Amino acid sequence: MATAAAYGHALGIPVFGVCSLDAVGGATVGETLVVTDARRREVYWARYRGDVRIAGPGVIAPAELEAFGWESVEVNGHDAETRAAESVRERDDLTVEQWAERLQTYYSRLEALLWPDLFVVGGGVSKQADTFLPLLDLRTPVVAAKLKNKAGIIGASRLAAKGN
């Protein structure tokens, strides 16, 4: 926000803060839970009905999602964030094949829970999409966010520019 405020001030245009979850949730249909990576071992979340936020936003440990009636997604008995995040791939020096195996388990679990029509991966995972996507075997199509790690920021900026 500080950078946006400085640019806005320099250009003489107003700057409005927008929750990046709203940039995703505002483009959904039906009831949707939007969860994004936050800080280490935490996620941001909000629930939407159509394009209206009905709960959140909040920040929570993935394991605590159960308290809200949402199942924590696990990979081999661990919270997914601690096993399948791109930061874990770097920290543990995983090969693409080792990491793809973990992502396969994670996305398969999401498929079983949610029956999505499409996975759009962002964040650190999206930066490596060309290397691991061909190794996944899922019924749900998986695509990388075109704007990679900047998708949420740019989406929120577009909403702010529209005055939402």
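R89 counts as buried in this predicted model, at 15% relative accessibility,. Its salt-bridge partner E90 is partly exposed, with a relative accessibility of 48%, and the closest N and O atoms of the two residues are 3.9 Å apart. The pairing does not stand alone, for salt bridges that share partners join E86, R89 and E90 into one network. E86 belongs to helix α4, which covers residues 86–91, and is itself buried, at a relative accessible area of 9%. Leaving aside neighbours within four places in sequence, E86 is in contact with W99, G124, V125 and Q128.

A further salt bridge is found between R102 and D92, with 4.0 Å between the closest N and O atoms. R102 lies in helix α5 (residues 96–114) while D92 sits in the loop between α4 and α5, so this pair ties together parts that are 10 residues apart in sequence. The two ends differ in their exposure: R102 is buried at 13% relative accessibility, whereas D92 is partly exposed at 34%.

The structure holds six salt bridges. One of them joins the side chains of R53 and D22, with an N to O distance of 2.6 Å. Because R53 is in strand β3 and D22 is in helix α2, the contact links parts 31 residues apart in sequence. Here D22 is the buried partner, with a relative accessible area of 18%, and R53 counts as partly exposed at 34% relative accessibility.

Strand β3, which spans residues 52–60, also pairs with strand β2 (residues 43–49); the two run antiparallel and are joined by six bridges. Within this pairing, V43 stands opposite I60 of β3. The strands form a hairpin with two residues between them, and G50 in the turn has a positive phi of about 65°. V52 can also be placed relative to V29: their C-alpha atoms are 9.8 Å apart, with 23 residues separating them along the chain. V29 is located in the loop between α2 (20–25) and β1 (31–37), where it is exposed, with a relative accessible area of 78%.

Turning to the start of the chain, helix α1 (residues 2–11) contains Y7. Of the 10 residues of α1, one is buried, so the helix lies largely in the open. Y7 fits this picture, being exposed with a relative accessible area of 57%. Together with L11 and I13, Y7 makes a nonpolar surface patch of about 370 Å². Just after α1, G12 adopts a positive phi of about 70°.

Some values describe the chain as a whole. The protein chain has eight helices and seven strands, and 32% of its 164 residues count as buried. Its accessible surface comes to about 10,200 Å², with 53% of that area belonging to carbon and sulfur atoms. Among contacts between residues at least 6 apart in sequence, 39% join residues at least 24 apart.

Finally, a word on confidence. The chain averages a pLDDT of 77, and 80% of the residues score at least 70. Confidence is highest in helix α7 (residues 129–132), at a mean of 86, and lowest in strand β4 (residues 74–75), at 62. Where pLDDT is low, the predicted coordinates should not be read in detail.

Definitions and conventions
Residues numbered from 1 in each chain as written. Heavy atoms only, no water. Patch = residues over 30% accessible without salt bridge, like charges linked within 9 Å, V, L, I, M, F, W, Y side chains within 5 Å. Areas by Shrake-Rupley, 256 points an atom, 1.4 Å probe, with all protein chains shown as cover. Helix = DSSP H or I, 4+ residues; strand = E, 2+ residues; numbered from the N terminus. Buried < 20%, exposed > 50% of the residue type's maximum accessible area, 1.4 Å probe, protein only. pLDDT = per-residue confidence, 0-100. Contact = heavy atoms within 4.5 Å. Pairing = 2+ DSSP bridges.
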